[in-house]
Amino acid sequence: MAVNNNANIGFEKQIWDAACVLWGHIPAAEYRKVIIGLIFLRYISSAFKKRYEELVDEGDGFENDRDAYTENNIFFVPEDARWSKISSAAHTPEIGTVIDDAMRAIEKENVTLKNVLPKNYASSDLDKRVLGDVVDLFTNMDMSDTEENKDLLGRTYEYCIAQFAAYEGVKGGEFYTPSSIVKTIVAILKPFKNCRVYDPCCGSGGMFVQSAKFIEAHSTTRGEMAVYGQESNADTWKMAKMNMAIRGIDANFGSCQADTFFNDLHPTLKADFIMANPPFNLSNWGADKLKEDGRWKYGVPPANNANYAWIQHMIYHLSSNGKIGLVLANGALSSQSSGEGEIRKKIIQDDLIEGIVALPTQLFYSVTIPVTLWFISNNKKQKGKTLFIDARKMGYMVDRKHRDFTDDNIQKLADIFEAFQNGTLENVKGFCAVCDLQEIEKQDFILTPGRYVGIEEASDDGEPFEEKMGRLTSELSEMFAKSHKLEDEIRKNLGAIGYEI
């Protein structure tokens, strides 16, 4: 089994140690802001230093040439913002000012980050001795693995949310989408060069990071794409801007955070690919004020759940040959309440559902509910057919709490979709099935994969049926006997202390 995985950051302990140092010195809500800013500085400095040393070894004198970094998609870090300067000032009264000045130097070099980076380290509310100790922890943090497909900011943010949930609560929209899920969506959709990619609830921008990586890996030249995103949480919107900037991705996230339903920042956009992980089962999203909205082609979504508002918003923004890959809680597959069943029926009858993939639990940091991947396509290749996959047994446990997909798992799912699209896929009992509209109609337009793939056939162990049944019934009889004996003992013990049952 590979050591590297997508489920963990790799330096959780150091982040938690940093939080413990801060504990009691600043409000809980400020922890993650302090930590995210330092992660950002440490991350870009690590990548810069690695490239700097390569250029010095080459001996051509380009180690201070900005283009020598940007051409390799590495963020150029001005001298005042390099971690060596910050770490050397860790235990001076000026450490807060040094960090804030580093942020200003970066914003000056990168106009897209203006007023985005945190600059609250010089605040009198933050004990400078404590801040110096936190800087020491980050100095000793191993960030040598600075590959551009690593969404460390997003993962760190989600980790902080999970750890501090007792103080802040995990609010809708603040879920970081695990890399394995993002990679699966991207591998199945296969975004191409010069495409338009959109995420209406983009979080830290992980979908765009993986899309850029995929395009680059599958193009003879460096891939380009037009990126459009929107995010309602101010902190997360800023992080997405930071994430794009350090990877050289030119993204249009609007001038500030905004609610997608009430202030669509890209009203005329028709995207080639839409990838999203909308907040699960969002209630009180403002349905009463949007009843006449033109996006609700298939019916007005219920006020107590925004799942079908997100689906229809994405369909509205899809180009004539566009494709959607999104994550939804399992309830959206079968809900019949408040008109959701009728909306789903109309979408299915319009031949938009290309595939449904049931995922295993424990892929997320902070939520454990089961989720499903939906793939929705205009002008899909296999007309009138939908692919169902039950992938709940796929992946492996990284630790006691986190599950992850291997690269082989992700490739297997992508290959199944490709075979389906090419008309060569054979159904596998308990795993995958291709169904037509009539079969889905017989199931009342419910999209739960288990209804279509069936139950995996048990392997024949060679024991004759009569012998197996005799053995099993004998074992069951013994268990019943033990059960009755334990029941009698419990009654006797309770009676001895004056309780009768």
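Which residue stands opposite leucine 318 in β5? I looked this up before anything else and found that alanine 271 is the residue facing leucine 318 in β5.

**Entry 1: the model as a whole.** I note at the outset that I am working with a predicted model. I counted the secondary structure of the protein as 17 helices and eleven strands. Of the 501 residues in the protein, I find that 51% are buried. When I take the contacts with a separation of 6 or more, 74% of them come from residues 24 or more positions apart. For the accessible surface I have a value of about 23600 Å², and carbon and sulfur atoms hold 49% of that surface.

**Entry 2: strand β5 and its partners.** I followed strand β5, which covers residues 318-329, and asked how it is paired. With strand β4 (residues 271-276) the pairing is parallel and runs over five bridges, and the alanine 271 and leucine 318 position from my opening note belongs here. With β7 the pairing is antiparallel, and I count seven bridges; within it, lysine 323 is placed opposite serine 377 of β7. I also checked burial: nine of the twelve residues of β5 are buried, so the strand is largely enclosed by the rest of the structure.

**Entry 3: strand β7.** Next I turned to β7, residues 371-377, where seven of the seven residues are buried, so that this strand, too, is largely enclosed by the rest of the structure. I recalled that side chains in a regular strand alternate between the two faces of the sheet. Sorting β7 by direction, I put Val371, Leu373, Phe375 and Ser377 on one side and Thr372, Trp374 and Ile376 on the other, with all of them buried. Besides β5, I found that strand β6 (residues 353-358) pairs with β7 over five bridges in the antiparallel sense, and that alanine 358 there stands opposite threonine 372.

**Entry 4: helices α5 and α6.** I then examined how helix α5 (residues 95-109) packs on helix α6 (residues 128-139), and I have an angle of about 60 degrees with the axes 9 Å apart. That angle makes α5 oblique to α6. In the contact I listed Ile95, Gly96 and Ile99 from α5, which meet Lys128, Leu131 and Val135 from α6. Sorted by class, the contact has four nonpolar residues, one polar and one charged.

**Entry 5: two asparagines.** Is asparagine 120 buried or partly exposed? Its relative accessibility is 25%, and because buried means under 20%, I record asparagine 120 as partly exposed. I place this residue in the loop between α5 and α6. Leaving out residues up to four places away in sequence, I see asparagine 120 touching Glu30, Asp100 and Leu126. I also noted that the C-alpha atoms of asparagine 120 and threonine 97 are separated by 8.9 Å, although the two residues are 23 residues apart along the chain.

For asparagine 307, which lies in helix α12 (residues 307-316), I have a relative accessibility of 2%, so this residue counts as buried. Setting aside neighbours within four places in sequence, I find asparagine 307 in contact with Pro279, Phe280, Asn281, Leu328 and Ala332.

Key. Residues numbered from 1 in each chain as written. Predicted model: local features only at pLDDT ≥ 70, side-chain atom pairs only at ≥ 80, totals over all residues. Heavy atoms only, no water. Axes fitted to C-alpha atoms, helices over the stretch in contact; angles between N-to-C directions. Helix = DSSP H or I, 4+ residues; strand = E, 2+ residues; numbered from the N terminus. Parallel < 35°, antiparallel > 145°, perpendicular 65-115°, else oblique. Contact = heavy atoms within 4.5 Å. Nonpolar A, V, L, I, M, F, W, Y, C, P; charged D, E, K, R; others polar. Buried < 20%, exposed > 50% of the residue type's maximum accessible area, 1.4 Å probe, protein only. Pairing = 2+ DSSP bridges. Areas by Shrake-Rupley, 256 points an atom, 1.4 Å probe, with all protein chains shown as cover.
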